[in-house]
Amino acid sequence: MNQTIETMLAHHSVRKFKDKPLSREQIQWIVKSAQAASTSSYIQAYSIIGVTDPEKKQKLAELAGNQTYVAENGHFFVFCADLYRHELIGKKENSDVKDTIESTEKFMVALIDAALAAQNAAVAAESMGMGICYIGGIRNNLPEVQKVLNTPQRVVPLFGMAVGYPDQDTDVKPRLPFEHIYHENEYEQDLVAYEGQLDEYNKEISEYYHKRTNGLRSDTWTGQMGKMLSNKTRMYMKDFVQGKGFDLK
């Protein structure tokens with residue numbers, strides 16, 4: 001155990017921030033920390049857009065489902081899969097890169113690169129006493145989001161991250177059991193044990209919600225997931241991604 005691990009284990013989403021903007025130095029440290037993350041084959045297939053314009057932040061908040069903390073925070077970052085620069089590199093180096101950057105593999109590289117960078121950014125922010133909240137809601141309407149951010153072809157905004165000084169106190173939400181996530185040597189497929197782990201986790205989550213809401217909620221994790229996954233959302237994504245030049249060949 002050390003301070004870094006303690007910081008990561010104390011993570012919880014913050015959805016209410018103090019009216020205190022991040023300094024330019026803090027923004028730079030967060031972005032530099034993001035850039036220090038591993039990147040597949042040194043491709044660095046992502047970009048980060050910092051949104052400071054109040055009107056743009058408000059519009060993104062609306063597009064994300066009227067989440068107020070998208071507009072009201074210390075700083076708002078948007079992490080993007082980005083192969084735009086690599087298309088330009090192809091032209092600069094007189095190399096035919098089209099088939100490669102349109103492949104499913106390179107799209108996956110861009111997604112993974114962006115996610116790794118974002119998690120480094122999150123840890124950096126939390127290590128400085130700030131809180132964060134990932135915002136997947138910007139994918140609710142990417143055609144409009146790309147207009148707000150003026151993103152070029154081969155760039156796809158993936159998620160936002162609201163960062164700032166917390167103005168609320170929330171508990172750490174329990175994660176799935178270690179034994180359910182970690183498999184050794186091969187994927188454990190003992191169905192009885194598997195479902196037993198889910199049952200134990202359901203009990204823990206139900207108790208967590210009951211305590212957090214003073215008895216107003218006691219739903220289970222599998223109940224939440226079953227309900228959420230039965231609703232079709234963002235089904236336009238494949239067409240949008242392909243339209244941005246990621247043909248997923």
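Partly exposed residues have a relative accessible area between the limits for buried, under 20%, and exposed, over 50%. The legends below describe a predicted model.

**View 1. Glu144 and Lys147 form a salt bridge within helix 8.** Glu144 has a relative accessibility of 26% and therefore counts as partly exposed. Lys147, at 58% relative accessibility, counts as exposed. The side chains of Glu144 and Lys147 meet with an N to O distance of 3.2 Å. The two residues are three positions apart in helix 8, so about one helical turn separates Glu144 from Lys147.

**View 2. Glu102 and Arg154 form a salt bridge between two loops.** The closest N and O atoms of Glu102 and Arg154 are 3.1 Å apart. Glu102 sits in the loop between helix 6 (98-101) and helix 7, while Arg154 sits in the loop between helix 8 (142-149) and strand 4, so the pair ties together parts that are 52 residues apart in sequence. Glu102 is buried, with a relative accessible area of 4%. Arg154 is also buried, and its relative accessible area is 7%. Both residues belong to a network of salt bridges that links Glu87, Lys98, Glu102 and Arg154. The count of salt bridges in the model comes to six.

**View 3. Arg217 and Asp219 are joined by a salt bridge.** The N to O distance between the side chains of Arg217 and Asp219 is 2.9 Å. Arg217 counts as partly exposed, with 34% relative accessibility. Asp219 counts as partly exposed too, at 28% relative accessibility.

**View 4. Four strands form an open antiparallel sheet.** The order of the strands across the sheet is 1-2-4-3. Strand 1 (46-51) and strand 3 (131-135) are the edge strands, and each of them pairs on one side only. On average, and with direction ignored, neighbouring strands of this sheet are turned by 25 degrees against each other. Strands of a sheet pair through backbone hydrogen bonds, in either a parallel or an antiparallel sense. Eight bridges connect strand 2 (residues 75-82) with strand 4 (residues 155-164), and the pairing of these two strands is antiparallel. Within this pairing, Phe76 has Ala162 in strand 4 as its bridge partner.

**View 5. Helix 5 and helix 7 pack on the sheet.** Helix 5 (residues 84-92) touches strand 1, strand 2 and strand 4. The direction of helix 5 makes about 45 degrees with that of strand 2. Helix 7 (residues 104-127) touches strand 1, strand 2, strand 3 and strand 4. The direction of helix 7 makes about 10 degrees with that of strand 4.

**View 6. Thr7 of helix 1 is in contact with Val123, Glu126 and Ser127.** These contacts leave aside the neighbours of Thr7 within four places in sequence. Thr7 counts as buried, at 18% relative accessibility.

**View 7. Met1, Ile5, Met8 and Leu9 form a nonpolar patch on the surface.** Together, the four residues have about 430 Å² of accessible area. Leu9 is found in helix 1 (residues 3-9). The relative accessible area of Leu9 is 57%, so this residue is exposed.

Methods:
Residues are numbered from 1 along each chain as its sequence is written. This is a predicted model: local features need pLDDT of at least 70, side-chain atom pairs count only at pLDDT 80 or more; totals for chains, interfaces and linings use all residues. Side-chain values use heavy atoms; hydrogens and water are left out. Patches are made of residues with over 30% relative accessible area and no salt bridge: like charges are joined within 9 Å, nonpolar side chains (Val, Leu, Ile, Met, Phe, Trp, Tyr) within 5 Å. Accessible areas come from the Shrake-Rupley method with a 1.4 Å probe; for residues, only the protein chains shown count as cover. Buried means under 20% relative accessible area, exposed over 50%, partly exposed in between (1.4 Å probe, protein chains only). Two strands pair if DSSP finds at least two bridges between them. Axes are lines fitted to C-alpha atoms, for helices over the stretch in contact, and angles run from 0 to 180 degrees between N-to-C directions. Contact means heavy atoms within 4.5 Å.
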